[in-house]
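Work through the following exercises with the coordinates open beside the text. Each task is followed by a solution that proceeds step by step.

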Amino acid sequence: MHKDSLKSRSIAIVGAGQAGLLLGCALLDRGYAVTIVTNRRPEEVWHGKVLSSQFIFDPALQIERDWGMNQWEAACPRTEGIGFTIPTPDGSGRQAIHWHARLDAYGQSVDQRVKMPGWMKEFVRRGGELRFEDVGVPQLEALAAAHELVLLAGGKGEIVNLLGRDEARSPIRQPMRQLALTYVTGMKRHDYYECVNFNLIPGVGEYFVFPALTTRGSDDTQACDIMVFEGVPGGPMDCWGEVKSPEQHLETSLRILRTFLPWEYERSRDCQLTDANGVLAGRITPTVRNAVLTLPSGRKVMGLGDAVLVNDPVTGQGSNNATKGALHYYRAILARGGAPFDEAWMRHTFDALYEGYAEKVVRWTNSLLFPPPEHVVQLLGAAQHAPGLAHRIANGFNDPRDYAEYWFDAAAAQRLIDDELRQAA
Ligand SMILES: Cc1cc2nc3c(=O)[nH]c(=O)nc-3n(C[C@H](O)[C@H](O)[C@H](O)COP(=O)(O)OP(=O)(O)OC[C@H]3O[C@@H](n4cnc5c(N)ncnc54)[C@H](O)[C@@H]3O)c2cc1C
């Protein structure tokens, strides 16, 4: 497709996040006229609170590389594996299950406070029009009247609720975890490669921690570690409501580690917050929304990223989904050539993403929000003795469709365990 032939195709994107900025920059490179409207200026994002832990696995990192959007790849620490631990249920501070396995290629987490301001600059450098406005229905109407396609990539902003929940695809109706993030420096390293260290404490919740790149002052960056707490509602890790200051947030983080995960406490006891904004607490209801919003005028708007697919962060898939979704929409937009972006195209495009990919991510992520069935515990335990199994489970994070082969079916899980244990012997 020739770049100049598409100069007249104009696309508006609401939201300057992982999905909107990536897709916007990629489309600019193909000659589309792209406008992004967002409600936070770069300096507000940089100096604001952390938003996510945004760990991205290699297949999604590759999309960023392919589009020239990997500006921090050299500076950001590399995470080369997945570590998995379940403590013994007696509270004695011992590990019932522990293994770690290498990812086929490293993953990385660049704080969105660093990334989004940098990408906004890049978007403008590539010729995009960037506007700052809090978009509501009147602004959506104006955008839809002036552009051939409007994409709503407003993340967790109120506005995305206009898309409406897809009940059939959203089996969970309330938050299943109390979430908290703590960005720290000063963590002791393992004596093996860097991992996403995932700890599952039955009945209490999950804790995972990994290296990242964050802000330092007003224009510099620094390496850090991000602690992610996922507390079962009403349980001992659901305690962030009482926290009144960043210092208390760090103390609470360390208290949880000391109580439930002493090996993580040992690495973290001397940690300091990266900055007073390096903390967050909240709840998310996993939701799939309808792909298309019909405005009062009858014009259509299409959802993208978290606006249509919001998962609990327990599997760290949201930014990965947003990135893969951006690539899927990019290909569909290019393949559309000069034909209209009508409602049928919008629905077909989203359904193809959902059925071909996202559905399996949603199913696996939702499954981790309930107590694991016996065969999953068997799988995780057997991985200690079968490196091939540990490798397969770890690398499923790259593309969770692989879990559909064995995660939900006790007989398939047992066959895999038997095969892998035989090979390990
Ligand atoms: C605690 C936590 C931890 C997470 N950890 C991970 C992880 O480790 N790995 C992972 O892959 N994912 C993780 N996620 C999910 C990930 O952050 C999101 O899936 C991802 O940011 C979604 O990208 P997006 O572009 O759809 O939305 P966002 O990146 O949220 O961007 C939304 C944009 O829309 C703008 N906006 C909102 N409303 C309006 C409006 N009315 N008008 C104009 N602009 C508007 C916002 O300012 C923002 O620019 C985590 C999420 C949370 C909450």
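The exercises below concern a predicted model and deal in turn with its ligand, a pocket and a cavity.

**Exercise 1. The ligand and its shell**

Determine which residues are closest to the ligand, which polar contacts the ligand makes with Gln18, Phe55 and Asp134, and what share of the ligand's accessible area the protein covers.

*Solution.* Begin with the neighbours: the ligand is surrounded by 36 residues, and the closest of these are Asn39, Ser52, Ser53, Asp306 and Ser319.

Next, take the polar contacts, for which the cut-off is 3.5 Å between N or O atoms. A polar backbone atom of Phe55 lies 2.9 Å from an oxygen atom of the ligand, and a polar backbone atom of Gln18 lies 3.1 Å from an oxygen atom of the ligand. With Asp134 the protein partner is a polar side-chain atom, which is 3.2 Å from a nitrogen atom of the ligand.

Then turn to coverage: on its own the ligand has 1000 Å² of accessible area, and the protein covers 91% of it. Two or more residues of the shell come from each of α1 (18–29), β2 (33–38) and α8, with α8 giving the largest share, four residues.

Finally, sort the shell by class, which gives 18 polar, 13 nonpolar and five charged residues.

**Exercise 2. The second largest pocket**

Establish which helices and domains supply the lining of the second largest pocket, and how its residues divide by class.

*Solution.* Start from the space itself, which amounts to about 220 Å³. The residues that line this pocket include Pro59, Ile63, Lys324, Leu327, His328, Arg331, Tyr357 and Asp399.

Assign the lining to elements: α3 (58–66), α8 (318–335) and α9 (343–367) each contribute at least two residues, and the largest share, four residues, belongs to α8.

At the level of domains, at least three lining residues come from domain 1 (3–56 + 111–172 + 286–367) and at least three from domain 3 (374–424). By class, the lining of this pocket holds five nonpolar, four charged and three polar residues.

**Exercise 3. The largest cavity**

Find how many cavities of 30 Å³ or more the structure holds, and describe the lining of the largest cavity by element, class and domain.

*Solution.* A search of the whole structure yields five cavities of 30 Å³ or more, and the largest cavity encloses about 120 Å³ of space. Its lining consists of 14 residues, and those nearest its centre are Phe84, Leu368, Leu380, Phe397 and Trp407. The elements β3 (79–87), β8 (195–201) and α10 (374–382) each give two or more residues to this lining.

Sorting by class then gives 14 nonpolar residues, with no polar and no charged ones. In terms of domains, domain 2 (79–107 + 176–283) and domain 3 (374–424) each provide at least three residues of the lining of the largest cavity.

Definitions and conventions
Residues numbered from 1 in each chain as written. Predicted model: local features only at pLDDT ≥ 70, side-chain atom pairs only at ≥ 80, totals over all residues. Heavy atoms only, no water. 1 Å grid on protein atoms, 1.4 Å probe; cavity = no way out; pocket = protein on both sides within 12 Å on 5 of 7 lines; lining within 4 Å. Points joined across faces, edges and corners; volume = space filled by probe spheres on them. Nonpolar A, V, L, I, M, F, W, Y, C, P; charged D, E, K, R; others polar. Domains from an automatic or database assignment. Near = heavy atom within 4 Å. Polar contact = N/O pair within 3.5 Å; in protein donor to acceptor, adjacent residues only side chain to side chain. Areas by Shrake-Rupley, 256 points an atom, 1.4 Å probe, with all protein chains shown as cover.
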